[in-house]
Amino acid sequence: MKLTHALRRLHFHTVDGIFQPLIIHGSKDGFAKDGNLSCTSQKLMVSQGLIHQSQNGLFCLLPLGLRVVEKLIKIVDSYMEKLGAQKIMVPSLTDGNLWKKTGRLETAGQEIFKVLDRHEKMFVLAPTHEESLANLLATVPALSHRNLPLRLYQITNKYRDEMRPSVCSERNNGRRALS
C-alpha cells in the first residue's frame, strides 16, 4: 500500500498523451511515389511522428523529435564545455553590408534570403554566421592575446533556399549514398 502511494507521487516520463501523429499507409514504403520525401530517414521520422513536413524542405519538430534534438544539444554542450568553449547566440538576421564586404552576398546567389526593413536596409537570413562572429570579435575593444584561445560556438537553425537540398538516395544496387 505504501509503495503504491509513493509511486503515484513520482513523475515518470511516458509517451502517453504526447502528440505523435503516426502515419500508416498501405503502400510498400508508406508514401506516395510523388517524390515528396526522398530519404528513408525522413520517411521514418514522418511516419513515426517525430517531424511533420509543412512545405518542401521545411519540417516541424514534433514533441518526440524535439526531445531528441534537445538531448543532442545537451550532449554537444557538455562536450564543448569540457573543451572550454562558451556558447553564444547571434541573431538570425545579419547586416547585408557584412555579406557585401566578404563578397559572399554575390557568391551565395539566390540561395540566401534577403530582407529589407522599413528603412530599406538589407538584412540576410543567415545560413552561416561567420560574418556576424567576425564582426563581433572585430568590435570587442579589449580583446588581446591573453584572451586566446577563445572558443565560441552556437547551435541554431540555418536558412538556405537551395535548388534541391542534399538528400539521401538509394543507389548503387541498394547501397545508400548521399547526393
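# A tour starting at Glu131

Select Glu131 first: with a relative accessible area of 6%, this residue is buried. The model on your screen is a predicted one, and each stop below should be read with that in mind.

**Stop 1: Glu131 and its partners**

With Glu131 still selected, colour helix H6, which is where this residue has its place. Now add the side chain of Arg104 to the selection, and you will find a salt bridge between Glu131 and Arg104, whose closest N and O atoms are 2.7 Å apart. This pair links distant parts of the chain, since Glu131 belongs to helix H6 and Arg104 to helix H5, with their positions 27 residues apart in the numbering. The contact between the two side chains is also listed as a polar contact, again at 2.7 Å.

Which residues does Glu131 touch, once those up to four places away in sequence are set aside? Show Leu98, Trp99, Thr102 and Arg104, for these are the residues that Glu131 touches under that condition.

**Stop 2: Arg104 and Glu130**

Move the centre of the view to Arg104, which is partly exposed, with a relative accessible area of 28%. Then select Glu130, which forms a salt bridge with Arg104 in which the closest N and O atoms are 3.3 Å apart. Here too the pair links distant parts of the chain, with Arg104 in helix H5 (residues 104-108) and Glu130 in helix H6, 26 residues apart. Is Glu130 buried or exposed, or does it fall in between? At 46% relative accessibility, Glu130 counts as partly exposed.

Keep both glutamates in view and return to the first pair, in which Glu131 forms its salt bridge with Arg104. Through salt bridges that share partners, Arg104, Glu130 and Glu131 are joined into one network.

**Stop 3: Lys87 and Asp77**

How many salt bridges does the structure hold? There are four, and another to select is that of Lys87 with Asp77, where the closest N and O atoms are 3.1 Å apart. Lys87 lies in strand E3 (residues 86-87) and Asp77 in helix H3 (residues 63-82), so this pair ties together parts that are 10 residues apart in sequence. Click on each partner in turn: Lys87 counts as partly exposed, at 43% relative accessibility, whereas Asp77 is buried, with a relative accessible area of 19%.

**Stop 4: Leu136 and a nonpolar patch**

Go back to helix H6 (residues 130-139) and select Leu136, which lies in it. Leu136 is partly exposed, with a relative accessible area of 35%. Switch on the surface and add Leu137, Val140, Leu143, Leu148 and Leu150, which together with Leu136 make a nonpolar surface patch of about 440 Å². If you then draw a distance from the C-alpha atom of Leu136 to that of Val90, the separation is 9.3 Å, although the two residues are 46 residues apart along the chain.

**Stop 5: two backbone details**

From the patch residue Leu148, follow the backbone to Pro149: the peptide bond from Leu148 to Pro149 is cis, with omega near 0 degrees. Pro149 is found in the loop between H6 and strand E7 (152-153).

Next select Glu120, which has a positive phi of about 65 degrees although it is not a glycine. Its surroundings are the loop between strand E5 (113-116) and strand E6 (122-125). At 60% relative accessibility, Glu120 counts as exposed.

**Stop 6: the cysteines**

Select Cys39 and then Cys60. Cys39 counts as buried at 4% relative accessibility, while Cys60 is partly exposed, with a relative accessible area of 34%. A disulfide is a covalent bond between the sulfur atoms of two cysteines; the structure holds zero disulfides.

**Stop 7: the whole chain**

Finally, zoom out and colour by secondary structure, which comes to six helices and nine strands for the protein chain. Of its 179 residues, 20% count as buried. The chain exposes about 14,200 Å², and carbon and sulfur atoms supply 58% of that area. Among contacts in the protein chain with a separation of 6 or more, residues 24 or more positions apart account for 58%.

Key: Residues numbered from 1 in each chain as written. Predicted model: local features only at pLDDT ≥ 70, side-chain atom pairs only at ≥ 80, totals over all residues. Heavy atoms only, no water. Disulfide = S-S within 2.5 Å. Buried < 20%, exposed > 50% of the residue type's maximum accessible area, 1.4 Å probe, protein only. Helix = DSSP H or I, 4+ residues; strand = E, 2+ residues; numbered from the N terminus. Contact = heavy atoms within 4.5 Å. Areas by Shrake-Rupley, 256 points an atom, 1.4 Å probe, with all protein chains shown as cover. Patch = residues over 30% accessible without salt bridge, like charges linked within 9 Å, V, L, I, M, F, W, Y side chains within 5 Å. Polar contact = N/O pair within 3.5 Å; in protein donor to acceptor, adjacent residues only side chain to side chain.
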